[in-house]
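Let's take a walk through this one, stopping wherever the side chains or the backbone do something worth a look. Have the viewer open so you can follow along.

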Amino acid sequence: MKLTAGVLLYRANQNEIKVLLVNNGKNWSIPKGGVSQKESRRKTAKRELQEETNLQAPKKLQKLGWVKKEKRELLHCYMGELEGRHIPRASNEIRSARFFSIKQAMRHVQKYQIPLLEMLLEIVV
């Protein structure tokens, strides 16, 4: 089983929460990537966020949880709030990176990642 790690980056205001998703040309997903033996899950998550969106992970990064994609992938996810007006820029491996409302994200994201959005809502709201 492939071990991956990612960051669910969010923006919150009085009216709504928006989360950052990336599109690789096929699927919308939380920014994530494979964990190597030489790197911690947290370090992988931060690196993948930077590589895929050109955004730095917030200093306050906390463990959110994990989900399985059938028997192929185990995704460990961290969460952090992006403050300021930073704009994500897609990298070479990513076609698009943008913020979605939670409602929109639940329609776009890969189904196995929906529980991570629900976990975020429980914590932030």
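Let's start with a buried spot. Thr53 has 0% relative accessibility, so it counts as buried, the cut-off being under 20%. The residue lies in helix α1, which runs over residues 41-53. What does the Thr53 side chain find there? One of its polar atoms lies 2.6 Å from the backbone oxygen of Leu49. Keep in mind as you look that this is a predicted model.

Step past Thr53 and you come to Asn54, in the loop between α1 and β5. Check the backbone here: Asn54 has a positive phi of about 60°, although it is not a glycine. That stands out because most residues other than glycine have a negative phi. As for cover, Asn54 is partly exposed, with a relative accessible area of 34%.

That same loop, the one leading to β5 (62-69), also holds Lys59. Buried or exposed, then, for Lys59? With 87% relative accessibility, Lys59 counts as exposed, because the cut-off for that is over 50%. Lys59 has company, too: together with Arg41, Arg42, Lys43, Lys46 and Lys63, it makes up a patch of positive charge on the surface. Which element gives the largest share of that patch? It's helix α1, with 4 residues. If you colour by charge, this is a good place to pause.

Now for the paired charges. How many salt bridges does a search of the whole structure find? The count is 6. One of them joins Glu39 and Arg47, whose closest N and O atoms are 2.8 Å apart. Glu39 has a relative accessible area of 16%, so it falls under the 20% cut-off and is buried. Its partner Arg47 is partly exposed, at 27%. The pair doesn't stand alone, either: Glu39, Arg47, Glu48 and Glu51 are linked in a network of salt bridges. So if you're picking out side chains to display around Glu39, those are the ones that belong to the network.

Another salt bridge sits between Lys18 and Glu16, with 3.8 Å between the closest N and O atoms. The limit for a salt bridge is 4 Å, so this pair does count. Here both partners fall in the middle class of exposure: Lys18 is partly exposed at 33% relative accessible area, and Glu16 is partly exposed at 34%.

A further example takes us to Glu70 and Arg72, whose side chains meet in a salt bridge of 3.2 Å, N to O. Both of these residues are exposed. Where does Glu70 lie? You'll find Glu70 in the loop between β5 and β6 (73-81). At 58% relative accessibility, Glu70 is over the 50% cut-off and therefore counts as exposed. Glu70 also has something to show in its backbone: its phi is near 50°, a positive value in a residue other than glycine. So one residue gives you a salt bridge to Arg72 and a positive phi.

Next, a look at the start of the chain. Met1 lies in the segment before β1 (2-12) and counts as exposed, at 57% relative accessibility. Which residue is 73 positions away in sequence from Met1 and 6.9 Å away in space, C-alpha to C-alpha? That's Leu74.

Last, the later helices. Between α2 (102-108) and α3 (114-124) there is a loop, and Gln113 lies in it. Gln113 is buried, because its relative accessible area of 0% is under the 20% cut-off. Its side chain is joined to that of Tyr112 by a polar contact of 3.1 Å.

Move on into helix α3 and you reach Met119. With 25% relative accessibility, Met119 counts as partly exposed. To get a feel for distances, try Met119 against Pro58: the two are 61 residues apart along the chain, and their C-alpha atoms are separated by 19 Å. And Pro58 is a handy place to end the tour, with Lys59 and its positive patch there to look at again.

Terms used
Residues are numbered from 1 along each chain as its sequence is written. This is a predicted model: local features need pLDDT of at least 70, side-chain atom pairs count only at pLDDT 80 or more; totals for chains, interfaces and linings use all residues. Side-chain values use heavy atoms; hydrogens and water are left out. Patches are made of residues with over 30% relative accessible area and no salt bridge: like charges are joined within 9 Å, nonpolar side chains (Val, Leu, Ile, Met, Phe, Trp, Tyr) within 5 Å. Accessible areas come from the Shrake-Rupley method with a 1.4 Å probe; for residues, only the protein chains shown count as cover. Lys and Arg count as positive and Asp and Glu as negative; His and the chain ends are not counted. The place of a charge is taken as NZ of Lys, CZ of Arg, CG of Asp or CD of Glu. Helices (H or I, at least four residues) and strands (E, at least two) are DSSP runs, numbered from the N terminus. Buried means under 20% relative accessible area, exposed over 50%, partly exposed in between (1.4 Å probe, protein chains only). A polar contact is a pair of N or O atoms within 3.5 Å; within protein, one must be able to donate a hydrogen and the other to accept it, and residues adjacent in sequence count only if both atoms are side-chain atoms.
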